[in-house]
Amino acid sequence: MDNRIDDLQRSEEELKGLYTNLRFRYQEYQNQELKLDMSRGKPCPEQLELSKELLTILDAKEPIQARDGTDCLNYGGLDGLPEAKELFAEVLSVSPQEVIIGGNASLNMMHDTITNAMLFGLPGSELPWGRLPKVKFLCPSPGYDRHFAICELLGIEMIIVDLTPEGPDMDQVERLIAEDDQIKGIWCVPKYSNPEGITYSDRTVDRLATMRTKAKDFRIFWDDAYTVHHLTDQPDELKNILATCKEAGHPDRVFMYTSTSKVTFPGSGIGVMAASEDNLTFIRKKLSIQTIGPDKVNQLRHVRFLKNAAQMKQHMEKHAAIIKPKFDVVLQKLEAALGDMNIATWSKPNGGYFISLNTLDGCAREVVAMAKQAGVTLTHAGATFPYGQDPRDRNIRIAPTYPSLEELEKAIEVLCICVQLVSLDKRLSEPPR
């Protein structure tokens, strides 16, 4: 869509009148001295309350033991309790033998996997990645800023790949991956992606699994963070990437990750990795040096609280009941304020934690800065692209979950005013045609 404010068919005088009115409303919000933060996708207090039972579910008077007799208070259990593996194998539709349970965050497991690849290589590597002249990753964008931060930290060159409604632009991916053996990986948030909220199509999963790669040790880093985070009773379906890679004769191609960071407590959840036997053997060898064992107490209490995939589904329905009205408020206000102006588009996700807003090109940074001046803190513009640079300066990530409904209404009203003001200013500053 060619989103231009002059599609309103208004005269210069009308646009200036609209601008003056919006400026007055903006000043009114500035006078309120708001302090509203929507910079990160955090669960709200009401969501955290849903998991308070975790704090008392273990009885100190009874042995704190796993099903196989493992003493969860002592050393050992390098790659996770058997019942924890079974729970998350069910969630990810893999076998328990293909699962490692880690500490409180899957991001840590992703960081360690790539760091190990840089230091030692991966199964199929001829050299450690860090000894190569250059290492590159494909980064479907808009995407997750913390993925990009890992690459930037480790000196991995990032290549932007367009994100389509079906996932990464696979024509781009297949062309790049077939011709350059320095491309070692691709980041994927395949379900309710951050921030676009899209779910990869079956065709995209098939193409990722079957594509010809010039690098023998190419890996897909499949961050399935929102796999159980549905907002409706008709959730998106995602094809199983590990099974598809196996069928394609590339069982080692993918590392899958998920966590309970937004299921229970972000500060004390469980990180999970799933992969082929060869990949996990490699990881376990490195883990045996890095740690004598993860937090098994936390694993045990999560298993006893969540029990199984069906119980987790019920738990996540309670989350949805809290946050779905917040998503609805954002979408309603965006539509009411911007729907007929042709200056912005936005996603309407079926799950996950974000709404992605695209302004006119060249406006996002100014919108975010202007909102900040009115007391509304958003994720900085550019964060959803490698190196923090949005080539079109248009994408803004909206995180509706943490604020209260009342705070959210004000924050989105301010955001909409800022989008209109910046767009009008851009239009009015253009030379006459």
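A salt bridge here is a side-chain nitrogen of Lys or Arg within 4 Å of a carboxyl oxygen of Asp or Glu. Start with one example. Lys-324 and Asp-328 meet that way, with 3.0 Å from N to O. Both sit in helix 11, residues 309–338, and they are 4 residues apart, so about one helical turn separates them. Lys-324 is partly exposed, at 27% relative accessibility. Asp-328 is partly exposed too, at 26%. There is also a network. Arg-40, Asp-145 and Arg-397 are joined into one through salt bridges that share partners.

A word on the source before I go on. This is a predicted model.

How many salt bridges does a search of the whole structure find? The count is 20. I'll take two more of them.

First, Asp-79 with Arg-284. Their side chains form a salt bridge at 2.7 Å, N to O. Asp-79 comes from the loop between helix 2 (45–49) and helix 3 (82–92), and Arg-284 comes from helix 9 (residues 277–290), so this pair ties together parts 205 residues apart in sequence. Asp-79 counts as buried, at 13% relative accessibility. Arg-284 counts as partly exposed, at 23%.

Next, Arg-207 with Glu-174. This salt bridge is also listed at 2.7 Å, N to O. Arg-207 belongs to helix 7 (residues 202–210) and Glu-174 to helix 6 (residues 170–179), so the parts tied together are 33 residues apart in sequence. Arg-207 is buried, with 17% relative accessibility. Glu-174 is partly exposed, with 26%.

Now helix 3, the one that follows the Asp-79 loop. Is helix 3 largely enclosed or open? Of its 11 residues, 8 are buried, so the rest of the structure largely encloses it. The buried set is Glu-83, Ala-84, Lys-85, Leu-87, Phe-88, Ala-89, Val-91 and Leu-92. Note that Glu-83 and Lys-85 are in that set. What do these buried residues pack against? Three strands and two helices: strand 2 (99–101), strand 8 (254–259), strand 9 (271–274), helix 10 (296–306) and helix 11. Just past the end of helix 3, Ser-93 has a positive phi of about 60°.

On to a sheet. Three strands make an open sheet, ordered 10-11-13, with antiparallel pairing. Strand 10 (345–346) and strand 13 (395–398) are the edges; each has a single partner strand, so one side of each has no neighbour in the sheet. Helix 11 packs on this sheet and touches strand 10, strand 11 and strand 13. Its direction makes about 15° with that of strand 11. Strand 10 pairs with strand 11 (residues 355–358) over 2 bridges, in the antiparallel sense. Across that pairing, Trp-346 stands opposite Leu-357 of strand 11.

Leu-357 takes us to the nonpolar cores. The largest has 55 residues, and Leu-357 is among those that touch the most other members, along with Leu-334, Leu-338, Ile-398 and Ile-412. Several elements give two or more residues to this core, including helix 1 (12–31), strand 1 (36–38), helix 11, strand 11 and strand 13. Which element gives the most to this core? Helix 13 does, with 12 residues. Take Leu-338 as a close-up. Setting aside neighbours within four places in sequence, Leu-338 contacts Ile-343, Ala-344, Trp-346, Cys-416, Val-419 and Gln-420. So Trp-346 shows up twice: opposite Leu-357 in the sheet, and in contact with Leu-338. A second core lies apart from this one. That core has 54 residues, among them Leu-81, Ile-177, Val-228 and Leu-300. As background, nonpolar side chains tend to be buried together in soluble globular proteins.

Last topic, cysteines. How many disulfides does the whole-structure search find? The answer is 0. Look at Cys-139. The cysteine sulfur closest to that of Cys-139 is in Cys-151, 5.1 Å away, which is too far for a bond. The cut-off for a disulfide is 2.5 Å between sulfurs. Cys-139 is buried, with a relative accessible area of 0%. Cys-72 is buried as well, at 4%.

To wrap up: 20 salt bridges, 0 disulfides, and a largest nonpolar core of 55 residues with another of 54 residues lying apart from it.

Methods: Residues are numbered from 1 along each chain as its sequence is written. This is a predicted model: local features need pLDDT of at least 70, side-chain atom pairs count only at pLDDT 80 or more; totals for chains, interfaces and linings use all residues. Side-chain values use heavy atoms; hydrogens and water are left out. Buried means under 20% relative accessible area, exposed over 50%, partly exposed in between (1.4 Å probe, protein chains only). Two strands pair if DSSP finds at least two bridges between them. Contact means heavy atoms within 4.5 Å. Axes are lines fitted to C-alpha atoms, for helices over the stretch in contact, and angles run from 0 to 180 degrees between N-to-C directions. A nonpolar core is a set of buried Ala, Val, Leu, Ile, Met, Phe, Trp, Tyr and Cys residues joined through side-chain atoms within 4.5 Å.
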